[in-house]
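Please open the model in your viewer and keep the sequence panel visible beside it. The tour below moves from one selection to the next.

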Amino acid sequence: MTQRGRLYGCPVEFALDALGGKWRTVILARIKQQPMRYSELRRTIPSLSDKMLTQRLADLVDIGFVVLEASPDGKGRYTLTDRGRDLAAPLQALYDWGDVHGRAVGVRFRTEIEA
């Protein structure tokens, strides 16, 4: 996780540290679509363990990309902060790139299997 006051070589290094690997970006991409409860995230990312989901959500809250807010029914939902919403375009660009280039090399996506 990023550390306040840490010296980075360039903004790209900081951005990659903040997004920190596969799961943070996947979780952000799901929450970007709509605020989600923990159980909804768990269902939409079946290959992610409970422990890892809990840790990555805590990281995203600490970094300020996500906040846990109460929904009208009293259950918490994770939603993007303004800082997290600023990632919408880069996340969409990663999605689009992965879609085009993944298909070009024969990758299959879960959404195709579920459809």
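## A hairpin and two helix crossings

Begin in this predicted model by selecting Leu 68, which stands opposite Tyr 78 in β2. Widen the selection to strand β1 (residues 66-70) and strand β2 (residues 76-80), which run antiparallel and are joined by five bridges. Then follow the chain through the hairpin of β1 and β2, where five residues lie between the strands and where Gly 74 takes a positive phi near 90 degrees.

Next, select helix α1 (residues 11-19) together with α2, whose axes are 7 Å apart and pack at an angle of about 75 degrees. Since angles from 65 to 115 degrees count as roughly perpendicular, α1 and α2 are therefore described as roughly perpendicular to each other. To look at the contact itself, show the side of α1 formed by Asp 17, Ala 18 and Leu 19, which meet Arg 24, Thr 25 and Leu 28 in α2. Coloured by class, the residues of this contact of α1 with α2 divide into three nonpolar, one polar and two charged.

Keep helix α2 (residues 22-33) selected and add helix α6 (residues 88-104), whose axis comes within 10 Å of that of α2 and crosses it at roughly 110 degrees. That angle makes α2 roughly perpendicular to α6. Which residues of α2 meet α6? They are Thr 25, Leu 28, Ala 29 and Lys 32, and in α6 they meet Ala 88, Leu 91 and Gln 92. By class, the contact of α2 with α6 has four nonpolar, two polar and one charged residues.

To finish, select Thr 25 and Leu 28 of α2, which are among the residues meeting α1 and also among those meeting α6.

Methods. Residues are numbered from 1 along each chain as its sequence is written. This is a predicted model: local features need pLDDT of at least 70, side-chain atom pairs count only at pLDDT 80 or more; totals for chains, interfaces and linings use all residues. Side-chain values use heavy atoms; hydrogens and water are left out. Axes are lines fitted to C-alpha atoms, for helices over the stretch in contact, and angles run from 0 to 180 degrees between N-to-C directions. Helices (H or I, at least four residues) and strands (E, at least two) are DSSP runs, numbered from the N terminus. Angles under 35 degrees count as roughly parallel, over 145 as roughly antiparallel, 65 to 115 as roughly perpendicular and the rest as oblique. Contact means heavy atoms within 4.5 Å. Ala, Val, Leu, Ile, Met, Phe, Trp, Tyr, Cys and Pro count as nonpolar, Asp, Glu, Lys and Arg as charged, and the others, Gly among them, as polar. Two strands pair if DSSP finds at least two bridges between them.
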